Amino acid sequence: MLIVHRLRRRLRALLHRAELEREMQEEMRLHLEEETEFLMRTRGVSRSEASRLAHVSFGGVARYEEHGRDTRGVRGLEEFVRDVRLSLRLLVRSRVFAVVAVLTLALGIGALSATFTVVNSVVLQPLPYPAAERLVMVRHAAPGLGLEETGLSSGTYIHYRSHGTLIEDLAVYTETTLNLAGEDGAERIHVTRAGPELFRLLGVQPVLGRVYEEADWTGSEMDLNWTISILLAHDFWQQRFGGDSTIVGRVLDINDSPRQVVGVLPPGFGFPRRETQVWVMNMVSGDRASFARSFEYSAIGRLRPGASVSDAQAEYERILSSIEGVYGDATPSRMAEVQLAPVILPLKEVVLGGADRVLWTIFGSMLLLLLVACANVGNLFAVRGENRAREVAIRTSLGAGRLALARLFVAESLIVSVAGAALGLVLARYAIGLLVALSPVQLPRLETVRLDASTVVFTAAIAILATSLFGLLSLLRHVRRVQLGPVLRAGRCAVGAGHSHRRMQDAMVAAQVAFTVALLIGTALMLRSYTRLVGVDPGFTAAGVLTVHVGLPYRLAGRHRELYQDVAERMRGIPGVTSVGGVSALPLTGGGAEHPLRATDLAGRGGHADQPVAFRFIAPGYFQTMRTPLLAGSGFRPGETSEYRYPVIISETLARRLFSDGPAVGRQLVRLNPDGEPVAMFDRTTRTRVPLPPYTVAGVVAAIRDESLQAQGGEAIYIPIIEPSVERSIVPTEMTFTLRSARPPLELAAAARRAVFDTDPALSIAGIRAMEDIVADATARERFLAGLLLTAGAASLLLGTVGIYGTAAYTVRRRTPEIGMRVALGASPRTVMGMVLRESLTVVLLGSAVGLALGLAGSRLLSSLLFDVSATDPVVMAGVTALLIIVALCASLAPARRAARTDPTSALRAE
Amino acid sequence: MTPRAELLQGTLDLLILKTLVLGPLHGWGIGKRIERLSDDVLSIGQGSLYPALYRLEDRGLVRSEWAVSEEGRRVKLYSLTAAGRRSFAAEQASWRLLSNAVEQVLNAT
């Protein structure tokens with residue numbers, strides 16, 4: 001193959017240049033020698049004469065060598081390599097320039113590459129399942145029930161699955177926490193209930209055993225001893241069972257029911273979340289399915305190839321209307337009441353949950369930082385270029401064409417860019433580790449972040465762009481108007497010359513200022529947002545509170561009130577504890593049930609009177625421990641009794657909605673079931689369903705921010721756990737105890753744990769955390785963003801300051817003769833200073849204007865991440881501009897002062 | 001002085017290939033042999049010889065290697081490759097065709 005042959009020769013020619021040169025010269029020499037001897041023999045002349053004749057007939061050796069080299073075909077490349085070598089030597093001589101340029105670039109490139117790696121792994125890479133781009137999540141909106149976002153009911157699931165064609169293999173799952181019994185005590189585990197379709201859909205292969213299948217669903221749900229099949233998560237198998245290979249077939253006690261392990265799933269698999277430890281088999285049965293009793297199922301499926309999300313959603317909407325009459329409660333009136341509508345979303349969108357916004361914001365800010373760094377380095381190249389004007393002039397006069405000069409500049413840019421990129425890549429590696437360590441827990445797919453080939457390619461691309469940019473800049477400055485005469489004569493450029501030089505430098509500085517302003521606007525907005533968020537009053541005081549999340553096995557459910565009260569009493573006895581309370585689901589932890597309520601004396605009041613309300617059980621002492629203000633009535637301290645038979649406490653928001661016409665204390669409420677009817681229980685004596693007695697409002701507390709810090713304090717009802725019981729039909733199997741103490745909360749952890757297990761060893765502890773940490777988690781995302789942007793902004797400001805100072809200093813130095821002249825002609829120091837400062841200021845103002853425009857445009861994209869701050873906040877805009885002006889003035893101050901003190905005689909003499 | 005003729009580049013390549021068909025040879029030897037075989041009509045300027053040899057080597061028609069000649073001096077020997085042999089046959093046929101045609105036109109009355 002000719003091409004291969006040719007390539008090999010080119011390669012040899014490049015690598016063994018010296019050797020090949022020698023060979024060629026040797027060949028020529030031998031030829032000459034033979035010709036000489038031939039001439040001596042045939043013509044009988046002397047050696048010297050023969051040699052002369054031979055040389056004459058041979059001609060100029062150099063020409064043949066050139067020819068020979070040409071045919072070796074690597075001329076251009078050889079010369080470029082020579083240029084690179086030369087540039088390297090020159091760069092080593094100007095070490096300061098090289099080091100500063102490379103470090104600045106490395107900073108910018110490293111930051112951006114690190115961010116790119118995270119963005120790539122989390123946002124850009126597809127989910128680790130087959131045909132992941134077609135995976136979707138199916139949800140419902142039920143505005144009739146006040147539910148914006150809810151899951152599927154058993155009836156709708158079966159209906160969609162049997163009639164839908166555009167989504168294959170619809171699978172449902174529910175999540176819960178259950179008790180796993182063990183010798184050291186019970187453990188609370190994350191459990192997902194799902195059928196075998198889920199694993200088929202996600203293409204999971206177990207590392208041990210097998211996935212359960214339809215054939216395993218053999219028993220009846222009434223049978224408490226039916227050993228349902230389960231699967232274990234890999235990490236859980238390692239940690240809890242030590243990676244025991246005989247685990248398959250073992251029966252575990254989960255919530256007092258036997259569950260048999262049939263397989264272990266591979267490491268890294270964690271659907272629906274990383275924390276899931278056990279998957280319990282569950283199949284939705286058609287017998288007891290209902291249309292709208294409860295929407296507890298989350299559903300995912302895969303789109304048929306070619307089907308779009310909107311197509312599938314339209315199909316489901318059509319199918320839904322045909323569900324009428326299929327289930328007992330699918331009556332026209334009920335359907336009209338609920339107003340159910342399917343909502344289909346790409347699964348990746350749900351998994352990312354807005355994290356892409358956060359990450360792209362960080363990427364944008366790092367990009368701005370890189371641009372500032374590049375402008376800085378561009379400035380360095382510009383200054384360096386001026387110092388080499390003489391050298392360039394000499395080269396040009398010796399015949400170096402534009403191309404040759406361009407090659408030289410490109411070689412230099414290449415070396416700096418490649419060095420900067422390589423160092424940047426090394427920095428990126430550490431930066432990635434830092435990013436992952438600092439990022440909020442909620443950021444999804446963090447475990448997949450890894451520096452790989454795509455990062456290297458990205459970095460290489462940046463290096464190439466940088467090379468082109470700097471090469472272009474150098475070219476523009478020189479090849480345009482190099483006036484050989486004056487340059488060669490003056491050595492340095494004379495007074496007044498170099499206009500184009502200065503304009504380019506000013507442009508660089510303006511660019512730096514613009515990008516810095518844009519970046520700082522984003523930073524300031526984010527910081528403001530964060531401080532506002534942290535300053536929000538959540539409705540309680542978190543400092544000094546320890547939380548202990550306790551779980552109850554079903555068999556102890558009957559004694560729950562007694563057990564919880566015992567635990568609370570024991571905790572009160574811990575030295576240092578000032579008060580103890582408890583709640584079934586802590587605020588800001590995303591747990592907790594919701595039920596609709598209705599005020600009995602306002603039955604039928606329109607609108608969303610039946611909106612679901614947060615429903616919590618509390619152990620007396622909760623509001624005192626959390627320091628939630630009591631606004632009316634009683635807050636239930638320990639030992640307090642109530643005049644009402646079924647007392648409850650409600651939040652002020654709920655009180656305002658239900659009882660806007662007067663005090664809430666003393667009024668009555670009933671809980672509704674999903675059909676909108678008051679909840680009824682089967683009464684054994686009368687053998688009929690009897691509605692539960694209504695609650696009476698005994699107290700009103702301030703609204704607690706339950707869902708998130710951003711959302712307004714919600715409506716909530718609190719059921720105190722007292723004797724006699726207030727609520728008989730629901731048993732809280734979880735209770736988080738809150739302990740307030742003057743000591744650091746976590747110091748009480750061991751004693752708290754003992755209090756729980758001393759009460760009953762079957763109680764499990766799901767977690768012990770300081771309340772402050774839980775609140776901190778709620779602001780983790782904003783803190784992460786603010787912190788990163790602040791770092792980028794500070795770095796950018798620093799680079800910008802250096803750039804402004806450098807330019808001002810350089811300008812002063814170059815205009816020393818001119819300044820000397822002005823001073824000699826009578827200019828005062830103040831005038832000179834003013835001149836320098838004014839120049840700096842003009843550039844900065846121009847840059848700031850551009851930066852403001854950029855920042856305004858960019859901040860609009862940020863608005864979804866901001867809290868209580870407008871994207872066009874004028875205080876921020878003005879503040880950032882003012883900051884930059886002050887910084888510019890300070891940076892130009894020293895050079896300006898130096899200019900003012902110029903001694904005219906020495907300045908003019910230096911010319 | 002014997003009459004000398006100008007040679008086209010392609011023709012030189014053909015002659016070099018022919019020379020090498022008769023056996024491997026070094027640069028100087030190739031030039032001398034062509035001279036001898038043509039009764040001194042064709043004299044290869046050294047300025048054309050080596051570039052032609054390098055070109056042929058680049059095209060993969062000849063290969064070169066350093067060796068020791070019978071006289072004990074170091075020489076760079078050129079020899080035909082298989083591709084060179086094939087190319088020579090084709091070039092020779094083509095040359096014959098061309099020269100016959102030219103001859104025919106010139107002899108027409």
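This report looks at a nonpolar surface patch and an enclosed strand in a predicted model.

## A nonpolar patch on the surface

Let's start on the outside of chain A. Six side chains gather into a nonpolar patch on the surface: A:Val99, A:Leu103, A:Leu423, A:Val426, A:Leu427 and A:Tyr430. Together they offer about 550 Å² of accessible area.

Two helices of chain A, H6 (95–124) and H15 (402–438), each supply at least two residues of this patch. The most comes from H15(A), which gives four residues. One residue worth a look in your viewer is A:Leu427, found in helix H15 of chain A. Its relative accessible area is 39%, and because the partly exposed class runs from 20% to 50%, A:Leu427 counts as partly exposed.

## A strand enclosed by the structure

Now for a contrasting setting: strand S15 of chain A, residues 612–619. Eight of its eight residues are buried, so S15(A) is largely enclosed by the rest of the structure.

## The partners of S15

Which strands pair with S15(A) in the antiparallel sense? Strand S13 (residues 577–583) of chain A does so over two bridges, with A:Gly582 having A:Ala619 of S15(A) as its bridge partner. Strand S14 (residues 593–599) of chain A also runs antiparallel to S15(A), joined by four bridges. Here A:Pro596 stands opposite A:Pro612 in S15(A).

Strand S22 (residues 716–720) of chain A runs parallel to S15(A), and five bridges join the two. To find this pairing on screen, you can pick A:Phe617, whose bridge partner in S22(A) is A:Ile719.

Terms used: Residues are numbered from 1 along each chain as its sequence is written. Chains are lettered from A and ligands numbered from 1 in the order in which they are written. This is a predicted model: local features need pLDDT of at least 70, side-chain atom pairs count only at pLDDT 80 or more; totals for chains, interfaces and linings use all residues. Side-chain values use heavy atoms; hydrogens and water are left out. Patches are made of residues with over 30% relative accessible area and no salt bridge: like charges are joined within 9 Å, nonpolar side chains (Val, Leu, Ile, Met, Phe, Trp, Tyr) within 5 Å. Accessible areas come from the Shrake-Rupley method with a 1.4 Å probe; for residues, only the protein chains shown count as cover. A salt bridge is a side-chain nitrogen of Lys or Arg within 4 Å of a carboxyl oxygen of Asp or Glu. Buried means under 20% relative accessible area, exposed over 50%, partly exposed in between (1.4 Å probe, protein chains only). Two strands pair if DSSP finds at least two bridges between them.
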